[in-house]
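Me: I have a protein model open and no idea how to read it. Could you take me through a few features, one at a time?

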Amino acid sequence: RWTDEARVRSAEVKAMGDGDAGAPVVASFFSGCGGLDRGFERAGFDVALASDHWEPAAKTYRENNPDVRFLEADVRELDADDVRAAVRETGHGADGVDVVIGGPPCQGFSRLNNEQIELDEMEKDRRNTLFEEFLRMVTVLDPQLVLMENVRDLINRETSDGRYVKDLIVREFASKGYNCEYQVLRAEGYDVPQKRRRLFFMGTNRDVAIRFPEPTTPEGSRRTAGEALADVSDDLPNMTYANTKERTLERIRHVPPGGYYRDLPDRLKTKKYQCEC
């Protein structure tokens with residue numbers, strides 16, 4: 001949830017440009033079902049264009065955002081003319097996008113996945129270079145502001161020659177003319193009832209300071225997931241429940257509030273986590 005300060009910042013972003021007054025225009029890639037887009041919308045931005053090639057996510061996005069021009073396509077197959085034409089179809093000029101946002105797939109960078117594969121295999125994972133496709137879309141639309149999010153663990157990932165992936169990403173931003181900074185934000189600090197950490201890269205091609213939002217929810221007033229879902233019934237439409245194995249359910253029951261797999265009793269841990277090595 002964005003603060004009133006963020007709404008003011010959105011107006012500041014628009015004031016940097018030469019376009020008509022109004023909400024800054026956003027184009028979204030790797031949009032998924034639209035969570036990041038909804039945050040920008042609630043902060044006063046105009047989300048005009050979105051894209052993803054996973055059909056279930058695309059269907060959900062369209063259902064919830066019927067006024068957004070949606071491109072259901074692999075970003076690697078989108079050319080510059082297609083994207084600019086789609087922007088024009090939204091009623092904006094081809095150069096009318098102020099902000100580009102997105103979350104390129106991150107499975108290859110995730111901690112659990114990387115414990116199972118060697119580093120050189122991680123580097124071969126095509127999903128780990130999709131941020132380059134994201135930046136290609138940035139060069140097509142030439143926005144004033146870029147926001148890219150990814151898993152927190154990316155901040156610790158190194159290539160086989162000892163370079164941090166996050167620094168390579170910052171360098172790629174710079175090669176496109178964008179000053180870029182990154183920060184890990186904690187969801188529970190922004191009235192989200194979940195202990196979720198995400199790494200955000202923010203870049204701008206204007207001579208302005210990059211500022212990340214300060215937490216809005218004090219430590220003592222943060223809601224738990226149980227509190228947030230206390231009034232939810234079991235008869236929600238379109239709900240399917242996983243056929244979870246009993247041993248998995250037993251593990252879930254033994255995770256204490258705020259805990260995770262290392263808090264399980266040894267008998268329920270996988271062999272890999274039965275020691276503290």
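Me: Let's start with helices H4 and H7. At what angle do their axes cross?

Reply: To read a helix pair, look at how far apart the axes are and at the angle between them. Keep in mind that this is a predicted model. Here, H4 (residues 80-89) and H7 (residues 130-141) have axes that come within 10 Å and cross at roughly 60°. That makes H4 oblique to H7, because roughly perpendicular would take 65 to 115 degrees.

Me: And which hand does the crossing of H4 and H7 have, left or right?

Reply: H4 and H7 make a right-handed crossing.

Me: Which residues of H4 and H7 meet?

Reply: For this, list the residues on each side. H4 brings Ala80, Val83, Arg84 and Val87, while H7 brings Met137, Val140 and Leu141. Sorted by class, this contact has six nonpolar residues, one charged residue and no polar ones.

Me: While we're at H7, is Glu132 buried, partly exposed or exposed?

Reply: Here you check the relative accessible area. Glu132, which is found in helix H7, has a value of 42%. Buried needs under 20% and exposed needs over 50%, so Glu132 is partly exposed. Try Pro104 too: Glu132 and Pro104 are 28 residues apart in sequence, and their C-alpha atoms are 9.2 Å apart in space.

Me: Now the sheet. In what order do the strands come?

Reply: With a sheet, read across the strands and then find the edges. Seven strands make an open sheet here, ordered E3-E2-E1-E4-E5-E7-E6, with mixed pairing. Its edge strands are E3 (69-71) and E6 (179-186), each pairing on one side only. From one strand to the next, the twist averages 20°.

Me: How many bridges join E2 to E3?

Reply: Three bridges link E2 (residues 46-51) with E3, and these two strands run parallel. If you want a spot to zoom in on, Ser51 stands opposite Leu71 in E3.

Me: Which strands does helix H2 lie across?

Reply: A helix can be read against the strands it lies across. H2 (residues 35-42) lies across E1 (25-29), E2, E4 (99-102) and E5 (145-151), and runs at about 145° to E4.

Me: Last one: how many helices and strands does the protein chain have?

Reply: Counting them up gives ten helices and seven strands. The chain has 277 residues, and 38% of them count as buried. Among contacts between residues at least 6 apart in sequence, 58% join residues at least 24 apart.

How values were computed:
Residues numbered from 1 in each chain as written. Predicted model: local features only at pLDDT ≥ 70, side-chain atom pairs only at ≥ 80, totals over all residues. Heavy atoms only, no water. Axes fitted to C-alpha atoms, helices over the stretch in contact; angles between N-to-C directions. Helix = DSSP H or I, 4+ residues; strand = E, 2+ residues; numbered from the N terminus. Parallel < 35°, antiparallel > 145°, perpendicular 65-115°, else oblique. Left-handed = near helix turned anticlockwise from the far one by under 90°. Contact = heavy atoms within 4.5 Å. Nonpolar A, V, L, I, M, F, W, Y, C, P; charged D, E, K, R; others polar. Pairing = 2+ DSSP bridges. Buried < 20%, exposed > 50% of the residue type's maximum accessible area, 1.4 Å probe, protein only.
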